[in-house]
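This report concerns salt bridges and the solvent accessibility of the residues that form them. The sequence and the structure are shown first.

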Amino acid sequence: SEIAHSTPAGAWGLAPPEQVLLDSLRGIPRALASGNLYTPVLGSCFGTATVASAFGCELDLGNPLNPGGVKAYLPLSTFDGAGVPDVNTAGCFPTIRERLECYHAHTPPEIKFGLADLQGPLNNAHMILGTELFIAMRTEPDRLHHLLQLITDFMISAFATLRAWIGPDRLVPFIRDTNCLRECSVNLISRADYREFALPYDRQIVAALGEIALHPCSGLHVFEETLRGLSNVRFSEWGVVSAAFAPCVTLDDALAETAGRPLI
């Protein structure tokens with residue numbers, strides 16, 4: 001009752017953090033009633049374009065078809081001479097911090113917090129640039145590498161900063177919710193292009209985090225290339241998407257590729 005009558009906040013046109021917290025808490029007994037005895041987790045995410053917001057993209061939070069996407073892409077030239085954004089002030093990250101502070105103030109330690117969805121370097125570049133990403137691979141690779149390095153440096157900083165805001169005692173103890181790299185856009189490029197435009201940056205994030213989880217978005221070549229090219233992978237996913245453009249990962253593919261590895 002204390003937090004149910006808070007006044008609205010205006011940042012990003014969203015409900016105040018207290019209302020977001022209440023809505024999240026209501027989901028916990030529903031999960032328990034269905035027999036899902038999971039660790040209660042409160043997310044700190046604004047959708048897939050959370051990192052893109054730090055690079056100047058406006059979030060389209062009210063779009064029911066693409067909640068948390070961007071309203072408009074930015075040209076690659078925007079980032080000529082740009083530096084790495086400050087996690088403390090960039091995009092929606094100050095609002096994430098406000099939410100986490102509210103969660104800390106109003107929930108017991110048994111309820112854990114997950115990191116925001118930071119995606120992966122190539123996914124974030126796709127979110128920021130749109131299809132210019134794929135053209136730039138051929139026409140302006142140096143410019144693109146500059147942006148990818150900015151994104152990678154920002155992500156490494158964001159992983160560390162979000163952990164500090166959450167605190168070790170409140171961080172959910174599951175790598176899928178803490179150290180996850182999402183590689184959806186790799187399904188739209190070749191193995192060679194992954195090795196040139198994504199793998200070097202993924203490796204930097206692995207070096208910073210120590211171990212990672214992967215979301216290959218059910219693409220077979222993504223599943224294989226990430227497991228073969230990255231060390232300290234502790235989690236990956238297999239699955240079949242009937243309308244996928246790239247070949248999918250079958251269970252047999254997954255078992256063959258992961259045989260003998262300490263992998264979830």
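Buried means under 20% relative accessible area, exposed means over 50%, and partly exposed lies in between. The model is predicted.

The structure holds 13 salt bridges. Three of them are listed below with the distance between the closest N and O atoms.

| Acidic residue | Basic residue | Closest N and O atoms |
|---|---|---|
| Glu 101 | Arg 97 | 3.6 Å |
| Glu 225 | Arg 195 | 2.8 Å |
| Glu 224 | Arg 228 | 3.7 Å |

**Pair in helix H3.** Glu 101 and Arg 97 both belong to helix H3 (residues 93-106), where they are four residues apart, about one turn of the helix. Glu 101 has a relative accessible area of 48% and is therefore partly exposed. Arg 97, with a relative accessible area of 36%, is also partly exposed.

**Pair between helices H7 and H9.** Glu 225 forms a salt bridge with Arg 195. Because Glu 225 lies in helix H9 (residues 220-229) and Arg 195 in helix H7 (residues 191-197), this pair ties together parts that are 30 residues apart in sequence. Glu 225 counts as buried at 7% relative accessibility, whereas Arg 195 counts as partly exposed at 45%.

**Pair in helix H9.** Glu 224 and Arg 228 are separated by about one helical turn because they are four residues apart in helix H9. Glu 224 counts as buried, at 13% relative accessibility, while Arg 228 is exposed, with a relative accessible area of 52%.

**Network.** Which residues are linked in a network of salt bridges? The network comprises Arg 191, Arg 195, Glu 224, Glu 225, Arg 228 and Glu 257.

Notes: Residues numbered from 1 in each chain as written. Predicted model: local features only at pLDDT ≥ 70, side-chain atom pairs only at ≥ 80, totals over all residues. Heavy atoms only, no water. Salt bridge = Lys/Arg side-chain N within 4 Å of Asp/Glu carboxyl O. Helix = DSSP H or I, 4+ residues; strand = E, 2+ residues; numbered from the N terminus. Buried < 20%, exposed > 50% of the residue type's maximum accessible area, 1.4 Å probe, protein only.
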